[in-house]
Amino acid sequence: MDLHISLDGRGDRTDRIYRQLRDAILDGRLRAGERVPPSRELARRLSVARNTVAAAYDRLVGDGFLEGRAGAGTFVAFRPARPAQRRAPGGALRPARRWAQLLDEPPPAEPARFDLRAGHPDPALFPLATWRRLLGRSLAARADYGDPAGAPELRAAIARHAGLSRSVRAAPDDVLVTHGAQQALDLVARVLVEPGAVVAVEEPGYRPARRLFAAHGARVVGVPVDAEGIVVGALPRTARLVYVTPSHQYPLGIAMSLHRRSALLAWAEETGAAVVEDDYDSEFRFSDRPLEPLQSLDRAGRVIYVGSFSKTLLPALRLGFLVAPATLRPALRAAKRLTDWHGDPAAQLALAALLDEGRLARHLRAVTRVYAARHELLTAAARGPLAGWFTPVPSSAGLHLTFRAVPGLPVDAIVARLRAAEVAVEPLASFYAEPPPRPDPGLVVGYGSIPTANLPEAILRIEAACRNA
Ligand SMILES: Cc1ncc(COP(=O)(O)O)c(C=O)c1O
């Protein structure tokens, strides 16, 4: 028996030994038939007189918890019908209060035959054979703890890639590799958000970002989005951080206008707030040229640029990055080191090779053609069979389109009807944290993971659900 008995503090020692052994028997830590140490040995371990232990044993024997067996020692004699719950003196452990509002995460939806949820790329397009080869080559390359900012090869490759494809101004030292955009947001919140600080997010917007800032104790305020992007005039002056998706607003899909971009940067400069630019899926563009990211327009060091490989490759890889102003880099690096030391070097080196060999660029050109065809099918449906019910929010990038519904269309009932028809799609209302002042009925239709051949049938099912609503 290796039971810990504590005699710290005051009180009758025999009584405390008695109670701790009794409780251990009642809650099942000491089981019937187990031998307890001889009183002499336990007395030595506890640095008390042997009589102190012997008296506790006598009481336990008298109560029927222990029994002495001649020549063999003292044994547990009592078997509780059901071990009692151990109660901590301060009550059961509870998470910090702010977590109470974060426990309502809906369970992941069952996979549907026609999956039109936003934010999921097509796993069938992932260059698996190439990745397997590159990963195999990288596995043995790093054995010890690495640089918290990520493998130098990948940081250099990302700086080049983001510079060429998105005009992000970054040297390799400016890049910090993360486990997806979500960890980038987490690190930013750790180093910039004091508990109680105001963080502004887009409304409607990206729920995991809003919840993450709340988890860090921020007071999260939703700010409306109009046809040009977040309404800068509605930003609270006290906000310390603003989270935006300027290239492809999530979920509406609009691009923030140049005018709005410069207004946001001017506002940040004036108030001293940080701007987090989440550029999660703008690699997929089907017509117009992308606008310059906020990061490359920023002259005052206020913007933290966040990128992700979840859409261009796979969400399961958990690979993303951030580019931060020099003033934040040491703290972000320290936060990364303290939370997970560094990422997975093998995956990082494989990605570096994919970028350096030009394979990611080639992959992007190929998959953009596939997604463009799906985007075109959906916009054609909005002009055709779905025209009586929906108007798409103009958007020429990314992996989803938002359809605004005509007033009065019972969107929730249609979504439920579609679920029964094996079509998974999310209502626009679910992207709002608060009910909007004017109802904004609609659907957010993802075309990332549905095979192109299945899309016409999914559109027919949406049409049927609307007709029968
Ligand atoms: C707005 C937004 N940001 C970021 C991401 C990607 O997050 P991660 O890189 O953590 O997978 C998504 C994915 O859906 C998204 O919609």
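Buried, as used here, means under 20% relative accessible area, with exposed meaning over 50% and partly exposed in between, for a 1.4 Å probe and protein chains only. By that criterion strand 6 (residues 198-203) is mostly covered, six of its six residues being buried; strands (E, at least two residues) and helices (H or I, at least four) are DSSP runs numbered from the N terminus. The structure is a predicted model, in which local features need pLDDT of at least 70 and side-chain atom pairs count only at pLDDT 80 or more, whereas totals for chains, interfaces and linings use all residues. Residues are numbered from 1 along each chain as its sequence is written, and side-chain values use heavy atoms, with hydrogens and water left out.

Strand 6 belongs to an open sheet of eight strands, which has mixed pairing and the order 5-12-11-10-9-6-7-8; two strands pair if DSSP finds at least two bridges between them. At the edges stand strand 5 (175-178) and strand 8 (229-230), each of which pairs on one side only. Helix 5 (residues 152-166) packs on this sheet and touches strand 5, strand 10, strand 11 and strand 12 (320-323), a contact being heavy atoms within 4.5 Å. The direction of helix 5 makes about 105° with that of strand 5, where axes are lines fitted to C-alpha atoms, for helices over the stretch in contact, and angles run from 0 to 180 degrees between N-to-C directions.

Within the sheet, strand 6 pairs with strand 7 (residues 219-226) in the parallel sense over six bridges, and Val201 has Gly222 in strand 7 as its bridge partner. Strand 10 (residues 274-279) and strand 11 (residues 303-308) also run parallel, joined by five bridges, with Asp279 partnered by Gly307 of strand 11.

Arg260 lies in helix 8 (residues 258-271) and counts as buried because its relative accessibility is 10%. Its side chain is joined to that of Asp226 by a polar contact of 3.0 Å; such a contact is a pair of N or O atoms within 3.5 Å, where within protein one must be able to donate a hydrogen and the other to accept it, and residues adjacent in sequence count only if both atoms are side-chain atoms. Leaving aside residues up to four places away in sequence, Arg260 touches Asp226, Glu228, Gly229, Ile230, Val231 and Val232.

Helix 6 (residues 180-192) has 13 residues and should span 18 Å at 1.5 Å a residue, which agrees with the 19 Å between its end C-alpha atoms. Its buried residues include Gly180, Leu185, Leu187 and Val188.

Notes
The expected span of a helix is 1.5 Å times one less than its number of residues.
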